[in-house]
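Open the model in your viewer and keep the selection panel at hand. This tour moves from one selection to the next and says what to look for at each stop.

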Amino acid sequence: MIQRKQTVFLLLAIVASVVCLMLPIGHYVPNGMGTDSTLFNLCISYNGISADREFTPLFFIMLVTFPVSVLTIFKFHDRVLQARLCVVNIVLMILWYADYLAYAFWLNPEGTTFKPAFAACLPLVTIILYLLARAGIIADEKLVRAADRIR
């Protein structure tokens, strides 16, 4: 199970998701006077003092990917299901980006400019890792089917 390259890709995707959950994903910089705000997956922090919990959809979408990723790793005997679970994770990450763009650009506070942070690119890295894992899973399935035909 661990020796398969797609398992390594899935584990790296889980690590990237955890790092994205912990780091800030953007900053609201005021155009004039005011305080900076930091956008996290779970909340928005105003000057490091108070937190507003209105950004929980970002957190919940990212949180749902963890059990799906772990299930994907442990379903190595059912490669078709494993490939489908990779697609589910890719769709969840695309939904995360749609929600992120909504909060970042359309729902930002008046008089502020949004600056994305480094952690906002980590879901894109996870999408790439899920695509690589899915390609490896499909290649394994083709190899197993070819070996079954020979017998």
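The stops below run from confidence to salt bridges, then to strands, loops and surface.

**Colour by confidence**

This is a predicted model, so begin with pLDDT. The chain averages 86, and 91% of the residues score at least 70. Now compare the elements. Helix α1 has the highest mean pLDDT, at 93. Strand β4, residues 50-52, has the lowest, at 66.

**Select Arg4 and Asp140**

How many salt bridges does a search of the whole structure find? The search finds 3. Take the pair of arginine 4 and aspartate 140 to begin with. Their closest N and O atoms are 3.2 Å apart. Arginine 4 sits in the segment before α1, while aspartate 140 belongs to helix α4 (residues 122-150), so this salt bridge ties together parts that are 136 residues apart in sequence. Show the surface and check both partners. Arginine 4 has a relative accessible area of 15% and is therefore buried. Aspartate 140, at 23%, is partly exposed.

**Add Arg79, Glu141 and Arg145**

Move on to glutamate 141. Arginine 79 forms a salt bridge with glutamate 141, with 2.8 Å between the closest N and O atoms. This pair also links distant parts of the chain: arginine 79 is in helix α3 and glutamate 141 in helix α4, 62 residues apart. Both residues are buried.

Keep glutamate 141 selected and show arginine 145. Their side chains meet in a salt bridge, again with an N to O distance of 2.8 Å. The two residues are 4 apart in helix α4, which means that about one helical turn separates them. Glutamate 141 has 16% relative accessibility, so it counts as buried. Through shared partners, salt bridges join Arg79, Glu141 and Arg145 into one network.

**Step along α3 to Gln82**

Glutamine 82 lies in helix α3, which covers residues 79-106. Is glutamine 82 buried or exposed? Its relative accessible area is 0%, so it is buried. Display its contacts, leaving out residues up to four places away in sequence. Glutamine 82 then touches Arg4, Leu10, Thr72, Ile73, Lys75, Phe76 and Ile137. Arg4 in that list is the salt-bridge partner of aspartate 140.

**Select strand β1**

Select residues 26-30, which make up strand β1. Show side chains and look at the two faces. Gly26, Tyr28 and Pro30 point to one face and are buried. His27 and Val29 point to the other and are not buried.

Now add the strands that pair with β1. Strand β2 (residues 37-39) runs antiparallel to β1, joined by 3 bridges. Pick tyrosine 28 and find its bridge partner in β2, serine 37. Strand β5 (residues 112-116) is also antiparallel to β1, with 5 bridges between them. Here, glycine 26 has proline 116 as its bridge partner.

**Zoom in on the hairpin**

The hairpin of β1 and β2 has 6 residues between the strands. Glycine 34 in this hairpin takes a positive phi near 150°. Then select glycine 32, in the loop between β1 and β2. Its relative accessibility is 53%, so glycine 32 counts as exposed. For scale, draw a distance from glycine 32 to alanine 102. The C-alpha atoms are 23 Å apart, and the residues are 70 apart along the chain.

**Jump to Asn108**

Which loop holds asparagine 108? It lies in the loop between α3 and β5. Asparagine 108 is partly exposed, with a relative accessible area of 21%. Its contacts, leaving aside neighbours within four places in sequence, are Tyr28 and Tyr103. You met Tyr28 on the buried face of β1. Draw one more distance, from asparagine 108 to alanine 13. The C-alpha atoms are 29 Å apart, with the two positions 95 residues apart in sequence numbering.

**Finish on the surface**

Select Val15, Val18, Val19, Met22, Leu23 and Phe118. Together these residues make a nonpolar surface patch of about 540 Å². Centre the view on valine 18, which is in helix α1 (residues 5-22). Valine 18 has a relative accessible area of 34%, so it is partly exposed. The helix it sits in, α1, is the element with the highest mean pLDDT.

Methods: Residues are numbered from 1 along each chain as its sequence is written. This is a predicted model: local features need pLDDT of at least 70, side-chain atom pairs count only at pLDDT 80 or more; totals for chains, interfaces and linings use all residues. Side-chain values use heavy atoms; hydrogens and water are left out. Buried means under 20% relative accessible area, exposed over 50%, partly exposed in between (1.4 Å probe, protein chains only). Contact means heavy atoms within 4.5 Å. Patches are made of residues with over 30% relative accessible area and no salt bridge: like charges are joined within 9 Å, nonpolar side chains (Val, Leu, Ile, Met, Phe, Trp, Tyr) within 5 Å. Accessible areas come from the Shrake-Rupley method with a 1.4 Å probe; for residues, only the protein chains shown count as cover. A salt bridge is a side-chain nitrogen of Lys or Arg within 4 Å of a carboxyl oxygen of Asp or Glu. pLDDT is the predictor's confidence in each residue, from 0 to 100. Two strands pair if DSSP finds at least two bridges between them.
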